[in-house]
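Please walk through this assembly with me, beginning where the protein chains meet and then turning to the nucleic acid.

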Number of protein chains: 2
Amino acid sequence: MSMSLQIDAAPTFPLCPIEPAAHIIGQKWTLQIVYFLLDSTSMRFCELQDRLGGVNPSTLSSRLKMLEEEGIVRRTQISAIPPHVEYSLTEKGRTLEDVIRAVTQWSNTWLCGRCS
Amino acid sequence: MSMSLQIDAAPTFPLCPIEPAAHIIGQKWTLQIVYFLLDSTSMRFCELQDRLGGVNPSTLSSRLKMLEEEGIVRRTQISAIPPHVEYSLTEKGRTLEDVIRAVTQWSNTWLCGRCS
DNA sequence: CATAGCACTACGCTTAATATAGTATGCGCT
DNA sequence: AGCGCATACTATATTAAGCGTAGTGCTATG
């Protein structure tokens, strides 16, 4: 109970404030998915698959599920004919525009050599 | 040799301009490393290890190597006593400040619930 | 001379991502 | 009715990325 007797825990540093964000956008394909969804009002699974160029469907599926759970992406079943699914950004998702803009600018300025 | 005879390649979409950037900052710990290096003029390996909290040294080592190859991080051997190594951002690396700022802001606005 | 700190590397293991194939549903054509 | 095609995935097996733990070589410092 003594205040002076503390378990000597690992030295605690102030947490990195971007860690929770890094946990999301640090996953493969996340930035690209958001980039394309920002560009259009909504997209289908296959369309995203084509645009991302070589993502595997399991990965895309789980990434979209994660983004949905994070409240960034909205999944909508369209019951028209033919019925299909549409993915779009939520309000929260659209606030990533600043991030995407900064990344795009940096990419274009410093990494353009890789764009063929 | 006929111009009209083209191998029908996969439908080519315009490449995602953030892809090269995503390849770098989409790797685990990259954003956090840059975040901390932006905050101080230079840091040591162990210091980064502590601040990142639980990164494994192999991963940190390879990430720093990658960032060095990308021209984002500079590795400096200090021959003082005791000799040691310092990591700092290059000019190119410091241009990531806009990205980090945008991510930090988004993280603070939308993800603060996870920061304990 | 033992101990501690720094900057890593090495090892084996787990998780993430991949390629490829397959499933379920519905539509249009014949 | 049967076939092929499209959409939106899931399943399986393999490879790559990241992890925990331990250990190395070096230099101080007590």
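**From the protein interface to the DNA**

Across the interface of chain A and chain B, the rule finds zero salt bridges. This is a predicted model, and the values below are computed from it. The rule does find six residue pairs in polar contact across the interface of chain A and chain B, with both residues at pLDDT 80 or more. On the side of chain A that touches chain B, at least two residues each are supplied by α1 (19-25), α2 (30-39), α3 (45-52) and α6 (97-110) of chain A. The helix that gives the most to this side is α6(A), with 10 residues. Sorted by class, the side of chain A that touches chain B has 24 nonpolar, eight polar and eight charged residues.

The extent of the interface can be stated in two ways. Counted by residues, 40 residues of chain A are in contact with 40 residues of chain B; expressed as area, chain A and chain B bury about 3800 Å² between them, and 74% of that lies on carbon and sulfur atoms.

How are the two protein chains arranged relative to each other? A turn of 180 degrees, with a shift of 0.0 Å along the axis, lays chain A on chain B with an RMSD of 0.1 Å. This is the relation of a two-fold axis. Within chain A, the C-alpha nearest the axis belongs to A:Gly26, at 2.1 Å from it. Both copies use the same surface, since 100% of the contact residues of chain A recur in chain B.

The next part concerns DNA strand C. There are 20 residues around DNA strand C, and those that come nearest are A:Asn56, A:Arg63, B:Ser61, B:Arg75 and B:Tyr87. Of the atoms of DNA strand C that come within 4 Å of the protein, sugar and phosphate account for 65%. Individual atom pairs add detail to this picture: a polar side-chain atom of A:Arg63 lies 2.7 Å from a phosphate oxygen of DNA strand C, and a backbone N or O atom of B:Phe45 lies 3.4 Å from a phosphate oxygen of that strand. A base is also approached, with an N or O atom in the side chain of B:Ser58 placed 3.1 Å from a base nitrogen of DNA strand C. The elements that each supply at least two residues of the surface near DNA strand C are α4 (57-69) of chain A and, from chain B, α3 (45-52), α4 (57-69) and β2 (84-89). By class, the residues of this surface divide into eight nonpolar, seven polar and five charged.

DNA strand D can be read in a parallel order. Which residues come nearest to DNA strand D? Of the 22 residues around this strand, they are A:Arg75, A:Tyr87, B:Asn56, B:Arg63 and B:Ile81. Sugar or phosphate makes up 66% of the atoms of DNA strand D within 4 Å of the protein, and the rest belong to bases. A polar side-chain atom of A:Ser58 lies 3.1 Å from a base nitrogen of DNA strand D. Phosphate oxygens of DNA strand D are approached from both chains, by a polar side-chain atom of A:Lys65 at 3.4 Å and by an N or O atom in the side chain of B:Trp29 at 3.2 Å. For the surface near DNA strand D, α3, α4 and β2 (84-89) of chain A, together with α4 of chain B, each supply at least two residues. This surface has 10 nonpolar, seven polar and five charged residues.

Key: Residues are numbered from 1 along each chain as its sequence is written. Chains are lettered from A and ligands numbered from 1 in the order in which they are written. This is a predicted model: local features need pLDDT of at least 70, side-chain atom pairs count only at pLDDT 80 or more; totals for chains, interfaces and linings use all residues. Side-chain values use heavy atoms; hydrogens and water are left out. A residue is near a molecule or strand if one of its heavy atoms lies within 4 Å of it. A polar contact is a pair of N or O atoms within 3.5 Å; within protein, one must be able to donate a hydrogen and the other to accept it, and residues adjacent in sequence count only if both atoms are side-chain atoms. Helices (H or I, at least four residues) and strands (E, at least two) are DSSP runs, numbered from the N terminus. Ala, Val, Leu, Ile, Met, Phe, Trp, Tyr, Cys and Pro count as nonpolar, Asp, Glu, Lys and Arg as charged, and the others, Gly among them, as polar. Contact means heavy atoms within 4.5 Å. Buried area is the accessible area (1.4 Å probe) that two parts lose on being put together, summed over both. A salt bridge is a side-chain nitrogen of Lys or Arg within 4 Å of a carboxyl oxygen of Asp or Glu. Copies are superposed by least squares on the C-alpha atoms of residues with pLDDT of at least 70 in both.
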